[in-house]
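Here is a short tour of one protein chain for someone meeting it for the first time. Have a look at the sequence and the model, then read on.

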Amino acid sequence: MIRISEVSVGDELPPLSLRVTRADLVRYAGASGDFNPIHWNERFAREVGLPGVIAHGMLTMGMAIRIVTEWAGDPGAVVQYGVRFGRPVPVPDDDKGALVEVTAKVTKVLDDGTVKVNVTAAFEGKSVLGGASALVRLPD
């Protein structure tokens, strides 16, 4: 587990590459109760103007925070996390799925033992989450 004394503004967290497949969408839909057809029905997704079936925004958000929880060594260290949903993540109907690249950087070290970490999640080089940041409490 990383300690607050080991962290400085500008530190970059180890990058994370995440794959999202149609099977992941099915599992997430079942767990969340979100059965919106844009997440499973290609025809419907295209009819409403999407490029095809897309990942749930909350699934993308949840997967992206892993970069912070793995770095901190404790998912409970995240005391606040927020994002804006920017672009959809189209998930092809194949075994590879969509590749989401996640990076993060420490932007503030606060006196109360917390750090602010900005998170970037991108699909095909374009950001899919806007303003993503986490407040993380680290031990002394």
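A word you'll need right away is "exposed": a residue is exposed when its relative accessible area is over 50%, buried when that area is under 20%, and partly exposed in between (1.4 Å probe, protein chains only). By that yardstick Arg43 is exposed, with a relative accessible area of 55%.

Some ground rules before going further. The model is predicted, so local features need pLDDT of at least 70 and side-chain atom pairs count only at pLDDT 80 or more, while totals for chains, interfaces and linings use all residues. Residues are numbered from 1 along each chain as its sequence is written, and side-chain values use heavy atoms, with hydrogens and water left out.

Helices (H or I, at least four residues) and strands (E, at least two) are DSSP runs, numbered from the N terminus. The UniProt record, in an unreviewed entry, puts a feature called "domain: MaoC-like" at residues 17-121. UniProt positions follow the numbering used here, feature names are shortened, and annotations may be inferred rather than shown by experiment. Over residues 17-121 the chain is 30% helix and 30% strand, and its end C-alpha atoms sit 9 Å apart.

**Helix 1 and what covers it**

Start with helix 1, which spans residues 22-32 and has Arg22, Asp24, Leu25 and Ala29 buried. Looking down the axis of helix 1, these buried residues fall within an arc of 150°, so they line one face of the helix. The arc is taken from the directions that run from the helix axis to the C-beta atoms. Over on the other side of helix 1, you'll find Val26, Arg27 and Ala31 exposed.

What covers the buried residues? Among the elements doing it are strand 1 (16-20), helix 2 (42-47) and helix 3 (57-64). After helix 1 comes Gly33, with a positive phi near 80°.

Strand 1 has two faces of its own: Leu16, Leu18 and Val20 make up the covered one, and Ser17 and Arg19 the uncovered one. In a regular strand the side chains alternate between the two faces of the sheet. Strand 1 runs antiparallel to strand 3, and five bridges join them; two strands pair if DSSP finds at least two bridges between them. One such partnership links Val20 to Ala98 in strand 3.

**Charged pairs**

Side chains of opposite charge can pair when their charged atoms come close. Here a salt bridge is a side-chain nitrogen of Lys or Arg within 4 Å of a carboxyl oxygen of Asp or Glu. By this rule the count comes to six. The table has some of them, with the distance from N to O.

| Pair | N to O distance |
|---|---|
| Asp24 and Arg27 | 2.8 Å |
| Arg43 and Glu47 | 3.5 Å |
| Arg66 and Glu70 | 3.2 Å |

Asp24 and Arg27 are both in helix 1, three residues apart, about one turn of the helix. Arg27 is exposed, at a relative accessible area of 53%. In helix 2, Arg43 and Glu47 are four residues apart, again about one turn of the helix, and Glu47 counts as exposed at 56% relative accessibility.

Arg66 and Glu70 are separated by about one helical turn, because they sit four residues apart in helix 4. Arg66 is partly exposed at 36% relative accessibility, and Glu70 is partly exposed at 49%. Elsewhere, salt bridges that share partners join Arg22, Glu42 and Arg46 into one network.

**Helix 4 and the core**

Helix 4 (residues 66-72) also holds Thr69. Is Thr69 buried or exposed? Thr69 is buried, with a relative accessible area of 16%. Setting aside neighbours within four places in sequence, Thr69 is in contact (heavy atoms within 4.5 Å) with Asp74, Pro75 and Val78.

A nonpolar core is a set of buried Ala, Val, Leu, Ile, Met, Phe, Trp, Tyr and Cys residues joined through side-chain atoms within 4.5 Å. The largest one has 39 residues, and of these Trp71 and Val117 touch the most other members. The elements giving two or more residues to this core are strand 1, helix 3, helix 4, strand 3 (98-109), strand 4 and strand 6 (129-137). Leaving aside neighbours within four places in sequence, the contacts of Val117 include Leu13, Val68, Trp71, Ala104 and Val136.

**A loop residue to finish**

Glu124 lies in the loop between strand 4 (114-123) and strand 5 (126-127). Although Glu124 is not a glycine, its phi is positive, at about 50°. Glu124 is exposed, with a relative accessible area of 68%.
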